[in-house]
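The following paragraphs consider how two chains meet and where the backbone takes unusual conformations. Please keep the sequence and the structure in view while reading.

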Amino acid sequence: MNRSAVLAPVWLWLLLFVALPVVIVAALSFSSSIPGVPPYTPLLQSPDPANYAALTEDAFYLDAALKSLAVAGVSSVLCLLIGYPIALAIARAPERWRSLLLLGVMLPFWTGFLLRITAWIGLLRDEGWINAGLQAMGLSALRLLYTDFAMYVGVTYAYLPFMILPLYARLSRRDPALEEAAADLGADPWTIFRTVTLPLSVPGIVAGLALVFIPAMGEYVIPELLGGPGAQTIGRALWNEFFSNRDWPMAATVANALLLALLVPMVALRARQ
Amino acid sequence: MADLEIAGLTVRYGPAVALDRLDLSINSGEMFVLLGGSGSGKTTLLRALGGFIQPAAGRIVLAGQDITALPPHRRPVNTTFQSYALFPHMNVEDNVGFGLRRQGVPRAEIARRVSALLDLVRLGEFAGRRPDALSGGQRQRVALARALAPRPRLLLLDEPLSALDRSLREQTRQELLRVQRETGTTFVLVTHDQDEALAVASRIGLLHEGRLAQVGTPAEIYERPSSRFVAAFMGAANILPGTVRTAAPDAVLDLHGIGPAQAAGPAPAAAGSTLHVALRPERLRLAPATAQHLSTPPGTAQGVNTAPGTVTDSAYRGGTIDHQVRLHGGAILLVSQPLADGVSAGLLAPGSAVAVSWPPEACVLLPE
């Protein structure tokens, strides 16, 4: 069978559901918002870069981008710090335990994402389980829900499996003889980790950071449900343009800016390798 | 002077006993070879010496210090691993310097000692290379330099030559011996290859089912095996049961399927008892059968240590030709004939009638 015939459905899929939407959103970002259906001037009739100008002039968008950067950066580092020991423990566990432990990591995916985030509301709210526990111990209740703390907890919780899985994939393939050789040459367990295990797992760390950072950058649901009113991330800004302001061209502009901000460093990184 | 004392060492993997109350002492500066088949316990013993396995019982004393309970990183013992286990993210220089950095040796001295070691293993110009840019033989030498760098009291080598091809193996073997001589370090080398053991060892410990079957110099083990197992492992292809007729001063035996045989030296058992005799293929002589041989009925005496038979198979081995001979008495012997001047013309073909003979010294009597 012809090679291109086999690949045709793939190309068709990519064209229809990846390339075309990107082109439409790009075109949309150059039109203007009008009242009506659809709520924008016809595409490509009179391209106008005014939306991009607004993006740079209005500090609101830059602040949102910085907030998202902070959320994604802090969460991916937290995921790494929590996920690395878990991944290493699974990789070092006896063979027969490993698939069970991995199943434990993936188990949350079996329930709905929104349900799991909503469950955190039950845990964190003023009369929630955590505060009930604190009060039972004679401590005063804390304001947890609708704070940055709750948002970081939520994002870290939601993306932790995406850190653990690539790290585990890397760590499970490590050569135990290398760690034995390091011990043999006088390295204590911490030095073995620092000089052998950790450096050799860097590709897994990079993959995990990318898998957490990129989606966390555009995250909308968790800041909306758990974060405070000050947690204006780029994802929330985008949502508001679309649904509250009905300014589709501005929303498309924000979406494009986010895409470029993530794509450019990745392409640059790949070009360097 | 004993450098390493192993006493009553026992290692168990669950219900299986890998090492069974093993006693062994190894001298300072020795090239000691642990020889054995798979499952004999040789790798277990090496790993117990390195500190990677905790023995269930027994003691390991190195240079007067009991190291049995010390973790690997506290032992003055280094290992070259079978897979070499070079750190792939470090170049040759950093690999060799790894142990010195752990000891806190000043940087300038590390550089000096690493470069001296790389000269010792003739890899001076490869200091900046990554392990994946080296050949198998070069990696082996890096592993050796890395293990020698912290100046261990004892160097363990796990099958150091098994991953190398034949031509490189001989060269690397010479290299190992030279480095061992030049550094004066006590080497304990593990191998399953009896030829390798004979070629490098100052002494050999032959392991079998977690116990030492025999310990001795290569010549002792080869010429005076203490049991059937040792004789068979050291390549004695002909091991025959026999009955002792006369025990002393020189034993006379009745070899089953061959006939009477004269040995040199007394038998290790009384007259009338049974034992086994090893006849090495290269000590047997082969001659075309004469009329007298052919007329004698099978199993009866016809001169000392001579038996008639028929060649059933021949294999050309380059330096020798190996014949399989079925004796008239029923026994089958492997006879290895040297090819003088490398000429194979005029040799005995399968079907030839022959007489096999051997000197009394060739009869190695094995206690039951």
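In this predicted model, the contact between the two chains draws 15 residues from chain A and 16 residues from chain B. On the side of chain B that touches chain A, the elements giving two or more residues are β6 (77–80) and α2 (92–102) of chain B. Of these, α2(B) gives the most, with 3 residues. By character, the residues on this side of chain B comprise 8 polar, 7 nonpolar and 1 charged.

The backbone itself also deserves attention. Most peptide bonds are trans, and most residues other than glycine have a negative phi. Against the first of these expectations stands the peptide bond from A:V37 to A:P38, which is cis, with omega near -10°. A:P38 belongs to the loop between α1 (3–28) and α2 (50–57) of chain A.

Chain B supplies exceptions to the second expectation. B:Y84, a residue other than glycine, has a positive phi near 75°, and B:Y84 is located in the loop between β6 and α2 of chain B. Is B:Y84 buried or exposed? Because 23 other C-beta atoms lie within 10 Å, B:Y84 is buried.

B:A85 is likewise not a glycine, yet its phi is positive, at about 50°. The loop between β6 and α2 of chain B holds B:A85. B:A85 counts as buried because it has 25 C-beta neighbours inside 10 Å, where the cut-off for a buried residue is 20 or more. The loop that holds B:Y84 and B:A85 thus runs between β6 and α2 of chain B, the elements named above for the side that touches chain A.

Note on methods. Residues are numbered from 1 along each chain as its sequence is written. Chains are lettered from A and ligands numbered from 1 in the order in which they are written. This is a predicted model: local features need pLDDT of at least 70, side-chain atom pairs count only at pLDDT 80 or more; totals for chains, interfaces and linings use all residues. Two residues are in contact if their C-beta atoms, placed from the backbone, lie within 7 Å. Helices (H or I, at least four residues) and strands (E, at least two) are DSSP runs, numbered from the N terminus. Ala, Val, Leu, Ile, Met, Phe, Trp, Tyr, Cys and Pro count as nonpolar, Asp, Glu, Lys and Arg as charged, and the others, Gly among them, as polar. A residue is buried if 20 or more other C-beta atoms lie within 10 Å of its own, exposed if 12 or fewer, and partly exposed in between; C-beta atoms are placed from the backbone.
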